[in-house]
Amino acid sequence: MKFSCALETSSERIRLVNVISPLIKAGYQLISQRQEASENGGNIIHVVAKTQGNKTQAELVDDLSAIEGCTLFKLQIADDETDVSVPAKQRLDEKSTLAAIGAQYPDIVDVVKQYEAGLTGDEREAALQSLGRKVGGGIYQRDYALGSPLKMSAAISRELVPALKAFCKVKVDGYNLSLVKCPFCQSADASHSGCHFVVGYIDGFLASNPAVGQANVEETSCGAGSTNICEFTVW
């Protein structure tokens, strides 16, 4: 079921990310979103999205009405024949995605997949790696930058591996890492890898360490559609 809606926030401090994060977590597929100031001192959040599964219109209204600090004042359900799609550049952009990731880290797999869904084949790899670099670099700065910088081998085993364990089980053998049941490509078929984000994450995380500086990362094996074990080499 496709729908468009508008919600008014009770405060200027309640912004776009406070609306899209619960919608993503509830399983909605976002198509477009934008924010504008309201006359009452808050914000108007406009969202176009699709429900997943057999969610009813009543359940949709309940979900939208339950978003904290927001009042639903406009909801339009599209007919099956109505195309509510928008150009990719209007879909979940990197800035909105980073805001959503920051709000619900480490529960970010659905956010990354929503972002990926709005990318074309030509831009997917570069865009996901760029997103991953910013997230990985941010996590290093948040959680590890205050300690003494570690050389690459120690940084991988003592910092990167614990960071990646927020998403799944991780095995490490020197400069080789394996993500067991990698959530970023868990539902992908054999012809598609959802791990470009992970490549960027590892790169950004290690590059933010002044004792490492620059790292090269390569996905050597993707488990999409088979083992669901994705392997990466760092040098």
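1. A good place to start in this predicted model is the largest nonpolar core, which has 67 residues. The members that touch the most others there are Leu160, Leu164, Tyr201, Ile202, Phe205 and Leu206.

2. Take Ile202 from that group as a worked case. Once its neighbours within four places in sequence are set aside, Ile202 is in contact with Leu160, Leu164, Val217, Phe232 and Val234. Two of these, Leu160 and Leu164, are themselves on the list of residues that touch the most other core members.

3. Next, have a look at strand β3, residues 43–50. Of its 8 residues, 7 are buried, so the rest of the structure largely encloses this strand.

4. Which strands pair with β3? Strand β1 (residues 2–9) does so in the antiparallel sense, over 7 bridges, and Phe3 has Ala49 of β3 as its bridge partner. Strand β2 (residues 29–37) also pairs with β3 in the antiparallel sense, over 8 bridges; here Gln33 is matched with Val47 of β3 as bridge partner.

5. The link between β2 and β3 deserves a moment too. These strands form a hairpin with 5 residues between them, and Gly41 in the turn has a positive phi of about 90°.

6. Is Gly41 buried or exposed? Its relative accessibility is 46%, so Gly41 counts as partly exposed. Even so, Gly41 has partners from elsewhere in the chain: beyond its neighbours within four places in sequence, it is in contact with Ser11 and Glu12. Ser11 is 30 residues away from Gly41 along the chain, yet their C-alpha atoms are separated by 6.3 Å.

Definitions and conventions. Residues are numbered from 1 along each chain as its sequence is written. This is a predicted model: local features need pLDDT of at least 70, side-chain atom pairs count only at pLDDT 80 or more; totals for chains, interfaces and linings use all residues. Side-chain values use heavy atoms; hydrogens and water are left out. Buried means under 20% relative accessible area, exposed over 50%, partly exposed in between (1.4 Å probe, protein chains only). Helices (H or I, at least four residues) and strands (E, at least two) are DSSP runs, numbered from the N terminus. Two strands pair if DSSP finds at least two bridges between them. A nonpolar core is a set of buried Ala, Val, Leu, Ile, Met, Phe, Trp, Tyr and Cys residues joined through side-chain atoms within 4.5 Å. Contact means heavy atoms within 4.5 Å.
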